[in-house]
Structures are given as structure tokens and as C-alpha cells.
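Subject: The structure we talked about

Hi,

Here is the structure I promised to pass on, with some notes on what turned up in it. Have a look at it first, and then read on.

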Amino acid sequence: MAAASVQPVEWLGDRIRVLDQTRLPGAERSFVCRTPAQVADAIRSLAVRGAPLLGIVAGYGMAIAATGSKARSVAQLQRDLDKAGDLLIRSRPTAVNVRWAVERVLETTRTAAERRSRPATVESVRRAAVAEAMAIAREDRESCRAIGLFGRELVPQGANVLHHCNTGALATGGAGTAQSVITAAHRAGKKIHVWVDETRPVLQGARLTAWELGKLGVPMTLVADSAAGSLMSRGLVDMIVVGADRIAANGDVANKIGTYSLAVLARHHGVPFYVAAPLSTVDPDTRTGKDIVIEERNAKEVVAPMGMAIAPRGTRAANPAFDVTPARLIAAIITDRGVARAPYRTSLRRLEAQG
Ligand code: MRU
């Protein structure tokens, strides 16, 4: 499978096919989700992951709820959709794109149901749900492209770029967020090199980003997470770019655990630290990073990553999946509508208003 054609999820009319990312890079296996509960399971298990992709999959989860509902009335269909939405929102709490997508589909179906010109039917509301889910996926492809074009301007010629987690085609509906910045700079002939960190505990960097960048032919070197400080102290990192799972109204950013440590190191060494994300990842209802719920995942991911025990049996472990980087450590937030700089409360709101 060429990275350009990586398709982490595919809509099949009343169900989705999902590429099982937990098995990459060893095996390229996919499976089908036919119910919202199966979609929620796929999200929880990390078979699908990455904030924008989670939004797309949640949208499809709602479309599946609509097409699979046995409702005989629009009101009953709406209740089925509300139930599916609750389930999907609870599947992973930190990435705001899940809630954003669920609410988008619900809003669309409510509007379709309340339309006065031609009375709504169960079928017309179903169609509205499916169309909205497909629009979410389509728009994300364009968002990724825009992020790449805005972001590549910030990448110096010949830069060594450090990247965390996985933010490419596997995590979005297009070329990625932070990874789109990287590939756009590469394609623009900037002769960059990427330090790909492993991203413990479940190695999205080593398993997924190295896989994707390798296929795309972007020069890269895999390093252990703990090598970042040493690389920076030796002048071997010119910039860092990461994605985001939720951006608070003040510009604080929740992203994969380890992001905060990188931002602190970057500040210490004078390395610019950038975040790349679509505006759908900005949550105006979350005032600051303190209000972001951090998902605590199963400790097994720490003591036995990929099923291989690396700690004595019975070792107690904690597994916060994300951390929060305060806005003051972020040089800029690269969005699909332009580059936001501090103060983020104003700059993000301005970009939002452009929409
Ligand atoms: O737990 P994951 O793999 O879903 O975490 C993914 C990340 O933290 C990404 O950096 C983030 O979603 C931005 S992706 C485009």
C-alpha cells in the first residue's frame, strides 16, 4: 500500500471498513464496523486514532446509527442518533473532534427534521446524516492540504524537524496535520530531515510515522523519546511540529503524552515549537488546558506494549494518554485557515470568524 493511498477508513454505504492500526506496520488488516457500538470499540482499541480521523469515524458512526435504525418516526430516529452520539463521545474523552463531529451530525439531522418547506421523513433525515458524515471526511482532506501549505512557510531550508506521535494520513482524512507540514516542505524541495520519536507507550511514532514517512521518501531517523533533549543540546533540532487532540480557547494544547516535555525542552534550547491542527480541534467551550479531561488508558499499554511484557508481573503503572502544553511555550498554531500567534484567544477567534 503506497502511503499516498493510505485509507484508514472507508464508507461502504451503511458500514465502514477500518484499517486496524494496532497491527501496523507488521500486518495491513482491516475489519468492518456495522453498528455504533462496533465503531466505539474500534476507537477505544486504537484501531482508529488521531484527532481528525476520530472526528471522521465518529461522523460515520452517526451515519451508521441512522442507516441501521429501525425507527418508524423521525422522533424515534432522533432518539437513536442521540444514543449513538453519547456512546461515541464517551469512547475517547480528550480528542474534541469526536464530540464536534457528533454534534455536527445531530445539528444537521435536527435541522432536516424541523424543515417546514417539505415535511421530513425518516429516510430524508437518514440521508442528511450520511451526507454530513461524508462532508466531514471531505473537508478534512482539504484542511490537511491547507495546513501543509501554511506550515511549510515556517520550515527553514535544510531543517532538522522533530516530530511526535503520528499525525499523517493514518490520523486524518488527508495528508495529515503536523505531518502535512513536513511533507509539504519536503515536496517544496526544502531538503529537510525528520527526527521521528518512538512515542511510548504504544509507539505511534515508530510503528506508524516511520512507516508513512518511509513510504513517502522523506529522510528520517527514528530516535527514542528520551533522545530529544540531547539532540536539542547538540544543535540538531531546528524546529518541532506536533498535532493536537484539543486546543483550549486560550491556546493551551492537549496532545499525546510527551508533548509537554518536548515543549519545555524546546523553550530551554531556543527551538521553535509549533502545533498543527484544523480549527475543528479548537474547542471554544474549553477555557484553558486545566479544563481538558485527560484520558487514562489501560496500564497494560505501559507494562506490556504490543503484548510483550517489559516489566515484572504485577508492576503498578499509570498511563495518562495525553498532556497539556501551555500556550506560552507554543511559537504558533498552524491551522487550516492560517497561522495563529499569541495571544491565541484573539488570533484563534479571528481565524474562526473567517469561516
Ligand atoms: O492516542 P492517539 O494515537 O489517538 O493520539 C494521537 C495524537 O496525539 C496526535 O498527535 C493527535 O491526534 C494529532 S493527529 C493528527
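To start you off: which residue stands opposite F273 of strand 10? The residue is I240. Before going further, please keep in mind that this is a predicted model.

**Around strand 10**

Strand 10 covers residues 273-276. Its side chains point two ways: F273 and V275 to one side, Y274 and A276 to the other, and all of them are buried. Strand 10 pairs with strand 7 (residues 239-242), running parallel to it, and three bridges join the two. A parallel pairing over three bridges also links strand 10 to strand 13 (residues 332-335). There, Y274 has A332 of strand 13 opposite it.

**An open sheet of four strands**

Another place to look is the open sheet that four strands form in the order 11-8-9-12, with mixed pairing. Strand 11 and strand 12 (322-325) are at its edges with a single partner strand each, so each has one side without a neighbour in the sheet. Strand 9 (residues 253-256) and strand 12 run antiparallel and are joined by four bridges. Within this pair, N255 faces D323 of strand 12. You will meet N255 again below, in the part on cavities.

**Salt bridges**

Side chains of opposite charge can pair when their charged atoms come close. In this structure there are 16 salt bridges. One of them joins the side chains of R92 and E295, with 2.9 Å from N to O. R92 sits in the loop between helix 3 (74-91) and helix 4 (96-114), and E295 in the loop between strand 11 (282-283) and helix 10 (300-303), so this salt bridge ties together parts that lie 203 residues apart in sequence. Are R92 and E295 buried or exposed? Both are buried.

E295 also meets R297 in a salt bridge, at 2.8 Å from N to O. Both E295 and R297 are buried.

Salt bridges that share partners also build a network, whose members are R99, E103, R246, D283 and D285. One salt bridge to look at here is R99 with D283, where the closest N and O atoms are 3.1 Å apart. This pair links distant parts of the chain, with R99 in helix 4 and D283 in strand 11, 184 residues apart. How exposed is each partner? R99 has 24% relative accessibility and therefore counts as partly exposed, whereas D283, at 2%, counts as buried.

**A pocket**

Rolling a probe the size of a water molecule over the atoms shows where empty space is left. The second largest pocket has a volume of about 560 Å³. It is lined by 28 residues, and W100, L279, S280, V282 and E352 are the ones nearest its centre. Helix 2 (51-68), helix 4, helix 5 (122-152), strand 11 and helix 11 (344-353) each give two or more residues to this lining. As for character, the lining of the second largest pocket has twelve nonpolar, three polar and 13 charged residues.

**Two cavities**

How many cavities of 30 Å³ or more does the structure hold? There are two. The largest cavity has a volume of about 190 Å³. It is lined by 23 residues, and those closest to its centre are G50, A51, N166, D245 and N255. Helix 2 and strand 9 are the elements that give two or more residues to the lining of the largest cavity. That lining divides into ten nonpolar, nine polar and four charged residues.

The second largest cavity has a volume of about 50 Å³. Its lining is made up of L46, R92, P201, V202, Q204, K256, R297, E301, N319 and A321. By type, four of these are nonpolar, two polar and four charged. Two of the names come up in the salt bridges above: R92 pairs with E295, and R297 pairs with E295 as well.

If you would like a place to begin, try E295 and follow its salt bridges to R92 and R297, then go on to the second largest cavity, which both R92 and R297 help to line.

Enjoy exploring!

Best wishes

Key. Residues numbered from 1 in each chain as written. Predicted model: local features only at pLDDT ≥ 70, side-chain atom pairs only at ≥ 80, totals over all residues. Heavy atoms only, no water. Salt bridge = Lys/Arg side-chain N within 4 Å of Asp/Glu carboxyl O. Buried < 20%, exposed > 50% of the residue type's maximum accessible area, 1.4 Å probe, protein only. Pairing = 2+ DSSP bridges. 1 Å grid on protein atoms, 1.4 Å probe; cavity = no way out; pocket = protein on both sides within 12 Å on 5 of 7 lines; lining within 4 Å. Points joined across faces, edges and corners; volume = space filled by probe spheres on them. Nonpolar A, V, L, I, M, F, W, Y, C, P; charged D, E, K, R; others polar.
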